[in-house]
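Got the viewer open? Load the model and keep the selection panel handy while we walk through it.

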Amino acid sequence: MQDLFESIAICSNIPTTALFKFLKAFSANHLDGIDVSDLDHERLKLLLENGKFPFTDENTKVLKETDIFGAYLIAHHAEMLKNISPDFFEESSVSCEVLTSEKFSLSQKEEILKVIPSSHLYSSEAIANAAIEVIINQTASEIDKDVLVEIVKKSTLKEMRLRLVAKMVQSTSDKEVIAELLNLLGGIYSEIAARETRPKVEVNAENKTLLEILKAKGFISSYPEIKDGSYWRIYYPTT
């Protein structure tokens, strides 16, 4: 029965649409380490979605060479997390697919983040956005500052970028570094970085967190509220 199932599953003469009907007759059969390199995406996807690729060392090795490897890791998310390895994330496309999946909680994504190559974390907007959400919720980040900078540059999430920059400013007292970090955000934050004008900043929780940190670092002296209550006016130390 197993031999018949394997021959049908990988037989190119049997259309993928017809294979779906055959799978019902082989509910107890699976593929393990069988060469599927000649199968197209739709056929591989069908076999995966019907549970025909259990999480095994042999399947991991074989499917790593296909374009459904990310989907395979996600389909077996519990087993993947128990056996997590940097070897799973050699391709940035796989890193992105897994880190952006809703199958994983933030704490689980934190574990995944530890084994993904740093360069993958800013290889696309999608993965940078997923990574930044994890990083800002960490109590302490193990990611190098240069990588964090690249993530801020690549991410399109305005609020998240602001929160990450605030965390990075918190970890330094170097005025030049603080200015460089503010410049990553552009706009009004670059004006604050230049410390030449007294810009007004919108009143919101994220800006307040950043301004409190800047004040504690001596980068600004105060930020009183403007009359209408919608903005703060930025002032700098007089030295």
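Start with the whole chain and switch on contacts (heavy atoms within 4.5 Å): among those with a separation of 6 or more, 56% are between residues 24 or more positions apart. Keep in mind that this is a predicted model, where local features need pLDDT of at least 70, side-chain atom pairs count only at pLDDT 80 or more, and totals for chains, interfaces and linings use all residues. Numbering runs from 1 along each chain as its sequence is written, and side-chain values use heavy atoms, with hydrogens and water left out.

Now go to cartoon view. You'll find 14 helices and two strands, taken as DSSP runs (H or I, at least four residues, for helices; E, at least two, for strands) and numbered from the N terminus.

Next, show just the C-alpha trace and turn it along its principal axes: the span is about 85 × 30 × 25 Å. The radius of gyration over C-alpha atoms is 25 Å, while a compact globule of 239 residues would have one near 18 Å; that globule rule is 2.2 Å times the number of residues to the power 0.38.

Colour by accessibility next. Buried means under 20% relative accessible area, exposed over 50%, and partly exposed in between (1.4 Å probe, protein chains only). By that scheme, 43% of the 239 residues are buried.

Last, select Cys11 and Cys96. Is Cys96 buried or exposed? Cys96 counts as buried because its relative accessibility is 16%, whereas Cys11, at 23%, is partly exposed. As for disulfides (cysteine sulfur atoms paired within 2.5 Å), the structure has zero.
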